[in-house]
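Here is a short tour of one protein model, with a look at its cross-link and its charged pairs. Have the sequence and coordinates to hand as you read.

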Amino acid sequence: QVQLVESGGGLVQAGGSLRLSCAASGSIFSIPAMGWYRQAPGNQRELVARISSGGSTNYADSVRGRFTISRDSAKNTVYLQMNSLKPEDTAVYYCKITTLSRVFTTNEYWGQGTQVTVSS
């Protein structure tokens, strides 16, 4: 019923930039929150950044000042601008969207994941 499509991952050298996108479609009344998570080999999935419908944001300490999350509510799309990338940013990045239905039930949906690799 709800589909998420991620794009923008790839290979970049240290100090470079990438921009991730995640677009949601389907039966959605509203999206109270959108976020990006990442998981490196051997690690647990961790929160990278989150943005609410009101525009408030949260960032992991490791990315604050380098990454910027934003959203286009009209397009149901969330973005993650990643600057000054470091090798330790290498991971699979996942989009997560929290939706609110017209009967006020909430659901969470995950994107398929996109690989980000940062070389030295």
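## The disulfide

A disulfide is a pair of cysteine sulfur atoms within 2.5 Å. Keep in mind that this is a predicted model. The structure holds one such bond, and its partners are Cys 22 and Cys 95, with an S to S distance of 2.3 Å. That value falls within the 2.5 Å cut-off, so the pair counts as a disulfide.

Where do the two cysteines sit along the chain? Cys 22 belongs to strand 3 (residues 18-26) and Cys 95 to strand 9 (residues 91-100), so the bond links distant parts of the chain, 73 residues apart. For those who like torsions, the one about the S-S bond is about -85°, so the disulfide is left-handed. Both Cys 22 and Cys 95 are buried.

## Next door in strand 3

Ser 21 also lies in strand 3. Is Ser 21 buried or exposed? Its relative accessibility is 18%, so Ser 21 counts as buried. Leaving aside residues up to four places away in sequence, Ser 21 touches Val 5, Glu 6, Ser 7, Trp 36, Val 78 and Tyr 79.

## Salt bridges

Side chains of opposite charge can pair when their charged atoms come close. How many salt bridges does a search of the whole structure find? The search finds five, and three of the pairs are described here.

One of them joins the side chains of Glu 46 and Arg 38, at 2.9 Å from N to O. Glu 46 has a relative accessibility of 36%, so this residue counts as partly exposed, whereas Arg 38, at 6%, counts as buried. Another salt bridge brings together the side chains of Arg 64 and Asp 61, with an N to O distance of 2.6 Å. Here Arg 64 is partly exposed at 48% relative accessibility, and Asp 61 is exposed, with a relative accessible area of 65%.

## A bridge between loops, and a network

Arg 66 forms a salt bridge with Asp 89, and their closest N and O atoms are 2.8 Å apart. Arg 66 lies in the loop between strand 6 (57-59) and strand 7 (67-72), while Asp 89 lies in the loop between strand 8 (77-82) and strand 9, so the pair ties together parts that are 23 residues apart in sequence. Both Arg 66 and Asp 89 are buried.

Which residues are linked in a network of salt bridges? The network contains Arg 38, Glu 46, Arg 66 and Asp 89.

Methods:
Residues are numbered from 1 along each chain as its sequence is written. This is a predicted model: local features need pLDDT of at least 70, side-chain atom pairs count only at pLDDT 80 or more; totals for chains, interfaces and linings use all residues. Side-chain values use heavy atoms; hydrogens and water are left out. Helices (H or I, at least four residues) and strands (E, at least two) are DSSP runs, numbered from the N terminus. Buried means under 20% relative accessible area, exposed over 50%, partly exposed in between (1.4 Å probe, protein chains only). Contact means heavy atoms within 4.5 Å. A salt bridge is a side-chain nitrogen of Lys or Arg within 4 Å of a carboxyl oxygen of Asp or Glu.
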